[in-house]
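Thanks for making time this morning. I'll go through one model, a few details at a time. Please have the sequence and the coordinates open.

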Amino acid sequence: MIDLYRRLGASGPADRAAIDRALNDPATPPDVRRIAAFVLGDPERRAVHDAAWATLSVVARLRSVMLLQMTPMWSESRAEEFGQSTAEPARMQQCLPVERTGRH
Amino acid sequence: MAPDPGATARQAQAILTVLTWAACCDGPVGHRKAAAIARIASRSPSMVSSLADALADCESIDFEELRQALELTARLPEASRLALVRSAATVCLADGAAGPASEHALRFLADAHCPIGSAEVTLARAYEANGARLRPPGDPTSFEWWERRGERRLGERAEAALATARGMRELRDLATLGLDPGATPDQIRTAFRMLVRDYHPDRFHAEPDDVRAAALERFRRAREAYERLLPE
């Protein structure tokens, strides 16, 4: 799972201004915009996404504190972005894997 | 040495904090998850006394509170730690399936509480014990995951509709035999025998055509209902 808010340059679900700006900004990678509009534009999808996002944000911090970042199950979760520094969002906007979003 | 009641209470509170956090990861805790937590808490008087507050506050558990609870639970004896992982899975799967948030929470709890190298096996067994299978967590930032979820939900709705239709048909069949919902197989057999005795076509051979036809129809419906309710 990618950190969608980070890729939009937003601090989290409450940062509506940054989210709206990124969704309307032609500089936001099209793949990011498409999946963000699809997920965040629908209340039910957004609720599921935000619950996972909030949990992963906490889990990533806890794993860091408890030195549990090298386990097979964490690797399998494909959620490494959540454990990265908050200084990364601009760079990460560029690297959304196309194969995971390229069908719509 | 007698156990320290204060330490026991703190451990119970920590377990409850971890369980309620896992329970509310996917959203508000419904009655099935709450009931699952209550069943687990009923094993410990310390947990029972804190249960109502824990359930009311579960959505406001902050990072530091959870971290402190995990510090305690991670130091429990191995059997208790494994029991905590199993309990968390039972709670998260109480609605039938865990959402992506719960799936990540359960993986983390297994890594935090199981001996090195055994987390995945322990969690997989906990899933199996709850009639589920451990799979990679769902990804709500993937179009494919949403498509699969939509298909799964359609399938579940179709199954639910089928189950409702079957339930309705069973109620109708029972009513045909003059029985209430929940009748036992013995009651069904007895009711059918009585209807056979009362409406068997042999009893009506001397009756007018319309009476004979009505009796035959009643007999036919009773036999069909009986065969559906108690197939050979």
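**Two helix pairs, one interface, two odd phi angles**

Start in chain B, with helix α9 (residues 185-199) and helix α10 (residues 209-229). Their axes come within 10 Å and cross at roughly 160°. That angle is over 145, so α9(B) counts as roughly antiparallel to α10(B). The crossing of α9(B) past α10(B) is left-handed. One caution before I go on: this is a predicted model.

Which residues make the contact between α9(B) and α10(B)? From α9(B), we have B:Ile188, B:Phe192, B:Leu195 and B:Tyr199. They meet B:Ala215, B:Arg218, B:Phe219, B:Ala222, B:Tyr226 and B:Leu229 in α10(B). By class, that contact has nine nonpolar residues, no polar ones and one charged.

Now the second pair. The axes of α5(B) and α6(B) come within 9 Å. They cross at roughly 175°. So α5(B) is roughly antiparallel to α6(B) as well.

The α5(B) side of this contact is B:Arg81, B:Leu82, B:Leu84, B:Val85, B:Ala88, B:Ala89 and B:Cys92. The α6(B) side is B:Ser102, B:Leu106, B:Leu109, B:Ala110 and B:His113. Sorted by class, the contact of α5(B) with α6(B) has nine nonpolar, two polar and one charged residues.

Stay with one residue of that list, B:Leu82. It lies in helix α5 of chain B, residues 78-92. Is B:Leu82 buried or exposed? The answer is in between: B:Leu82 has 19 other C-beta atoms within 10 Å, and buried takes 20 or more, so it is partly exposed. Leave aside the neighbours within four places in sequence, and B:Leu82 is in contact with B:His113, B:Cys114 and B:Thr122. Look at B:Thr122 in particular. B:Leu82 and B:Thr122 are 40 residues apart in sequence. In space, their C-alpha atoms are 7.6 Å apart.

Next, the whole of chain B. How does the domain assignment divide it? Domain 1 is 5-129, and domain 2 is 157-229. The C-alpha centres of these two domains of chain B lie 50 Å apart.

On to the interface. Here 27 residues of chain B are in contact with 33 residues of chain A. On the chain B side, the elements that give two or more residues are α4 (63-73), α6 (100-113), α7 (119-129) and α8 (143-176). Which of them gives the most? It is α6(B), with nine residues. We met α6(B) a moment ago, in the pair with α5(B). The chain B side of the interface divides into 16 nonpolar, five polar and six charged residues.

Last, two backbone angles in chain A. A:Leu67 has a phi near 55°, a positive value in a residue other than glycine. A:Leu67 sits in the loop between α4 (43-65) and α5 (72-76) of chain A. A:Leu67 has 8 other C-beta atoms within 10 Å, so it is exposed.

Then A:Arg78. Its phi is positive too, about 50°, although A:Arg78 is not a glycine. A:Arg78 is in the loop between α5 and α6 (89-92) of chain A. A:Arg78 counts as partly exposed, because it has 16 C-beta neighbours inside 10 Å.

That's the tour. Questions, please.

Definitions and conventions:
Residues numbered from 1 in each chain as written. Chains lettered and ligands numbered in written order. Predicted model: local features only at pLDDT ≥ 70, side-chain atom pairs only at ≥ 80, totals over all residues. Contact = placed C-beta atoms within 7 Å. Helix = DSSP H or I, 4+ residues; strand = E, 2+ residues; numbered from the N terminus. Nonpolar A, V, L, I, M, F, W, Y, C, P; charged D, E, K, R; others polar. Domains from an automatic or database assignment. Buried ≥ 20, exposed ≤ 12 C-beta atoms within 10 Å, placed from the backbone. Axes fitted to C-alpha atoms, helices over the stretch in contact; angles between N-to-C directions. Parallel < 35°, antiparallel > 145°, perpendicular 65-115°, else oblique. Left-handed = near helix turned anticlockwise from the far one by under 90°.
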